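Please open the model in your viewer and keep the sequence panel visible. The tour goes selection by selection.

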Amino acid sequence: MDHPGQDGTPSELRVSWDEYYRLIEHLAVQIYQSGYGFDSLLCLARGGLRVGDVISRIFERPLAVLTVSSYREHAGTRRGELRIAGAISSIEPQLRGRLLVVDDLADSGTTLAEVVRYLRERFVQISELRTAVIWLKGCSQFRPDYFASYLPVSPWIHQPFEQYDYLRPGQLAQRLSDAGRN
């Protein structure tokens, strides 16, 4: 954790790839130990893509993807209007039965709350719906059924893949070229 806030608590959390995947594995074990046998798995893109992929592989369930977006402004650091895509991508014909919705975190909780409402209104074939995230922040108004880490002080989380948010193709080519010279 980096950059303590005014009260001495960390205002930022930097997560390595190893820690990131360890937390997803911890989340998978929680779901398994709960006995929840879900029929459908839906991840919220973009943050929940990696979480959904790992959970999908461990539980041997096809992965459905719903794109949602609210952090688009100021390089993805300020929440704007929530947008939910009109279509879900999946090899299954529809979401059905017991559904598990996964994302990376519950920050304010607005995204998860709205997605849950949207899914319940749109897919009557869903008999039960549970949610899972890596991080639950203390400021969240929505409490997911499963979470790997509770963060009472609600730090800004720097996830390992965020390095690509600012890396452009030319910069990547240069970096790889420089690395090849060493």
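Select T111, L112, V115, V116, Y118 and L119 in helix α3: these residues are buried. The model is predicted, so read what follows as computed from a prediction. Now turn the view to look down the axis of α3. The buried residues fall within an arc of 165°, so they line one face of the helix. An α-helix has 3.6 residues a turn, so residues three or four places apart point the same way. Add R120 and E121, which are exposed on the other side of α3. For the helix as a whole, select residues 110-122. These 13 residues reach 18 Å from the first C-alpha to the last, close to the 18 Å expected at 1.5 Å a residue.

**Helix α1**

Move to residues 17-34, which form α1. This helix has 18 residues. Its end-to-end C-alpha reach is 26 Å, close to the 26 Å expected at 1.5 Å a residue. Colour Y20, L23, I24, L27, A28 and I31, which are buried in α1. Viewed down the axis of α1, the buried residues occupy an arc of 145°, so they line one face of the helix. Which residues are exposed on the other side of α1? Select D18, Y32 and Q33.

**From α1 into β3**

Follow the chain out of α1. G37 sits in the loop between α1 and β3. With a relative accessible area of 24%, G37 is partly exposed. Draw a distance from G37 to G97, C-alpha to C-alpha: the two are 10.0 Å apart in space and 60 residues apart in sequence.

Next, select residues 40-45, strand β3. How many of the residues of β3 are buried? The count is 6 of 6. Show side chains. In a regular strand the side chains alternate between the two faces of the sheet. In β3, S40, L42 and L44 point one way, while L41, C43 and A45 point the other way. Both sets are buried.

**Neighbouring strands**

Add residues 97-106, strand β6. β3 and β6 run parallel and are joined by 4 bridges. Centre on L42 to find V101 of β6 opposite. Then bring in β7, residues 126-137. β6 and β7 also run parallel, here with 9 bridges between them. For a matching pair, select L99 and L129: L99 stands opposite L129 in β7. β7 is mostly covered, with 9 of its 12 residues buried.

**The cavity**

Switch on a cavity display. A search of the whole structure gives 1 cavity of 30 Å³ or more. The largest cavity holds about 40 Å³ of space. Select its lining: D39, S40, L41, P62, A64, S90, E92, Q94 and L95. Which classes make up this lining? The residues divide into 4 nonpolar, 3 polar and 2 charged. S40 and L41 were selected earlier in β3, where they point opposite ways.

**Backbone stops**

Three places deserve a look at the backbone angles.

- A45 to R46: a cis peptide bond joins the two, with omega about 20°. R46 lies in the loop between β3 and α2 (49-59).
- E60: phi is near 55°, a positive value in a residue other than glycine. Look for E60 in the loop between α2 and β4 (63-73). Its relative accessibility is 69%, and E60 therefore counts as exposed.
- S154: phi is positive here too, about 55°, although S154 is not a glycine. The residue is found in the loop between β8 (146-151) and β9 (156-158). S154 is partly exposed, with a relative accessible area of 23%.

**Zoom out**

Finally, show the whole chain as a cartoon. The secondary structure comes to 4 helices and 9 strands. Trace them along the sequence to read the pattern β-β-α-β-α-β-β-β-α-β-β-β-α. Colour by accessibility to finish: of the 182 residues of the protein, 41% count as buried.

Terms used:
Residues numbered from 1 in each chain as written. Predicted model: local features only at pLDDT ≥ 70, side-chain atom pairs only at ≥ 80, totals over all residues. Heavy atoms only, no water. Buried < 20%, exposed > 50% of the residue type's maximum accessible area, 1.4 Å probe, protein only. Helix = DSSP H or I, 4+ residues; strand = E, 2+ residues; numbered from the N terminus. Pairing = 2+ DSSP bridges. 1 Å grid on protein atoms, 1.4 Å probe; cavity = no way out; pocket = protein on both sides within 12 Å on 5 of 7 lines; lining within 4 Å. Points joined across faces, edges and corners; volume = space filled by probe spheres on them. Nonpolar A, V, L, I, M, F, W, Y, C, P; charged D, E, K, R; others polar. Expected span 1.5 Å × (residues − 1). Arc of directions from axis to C-beta.
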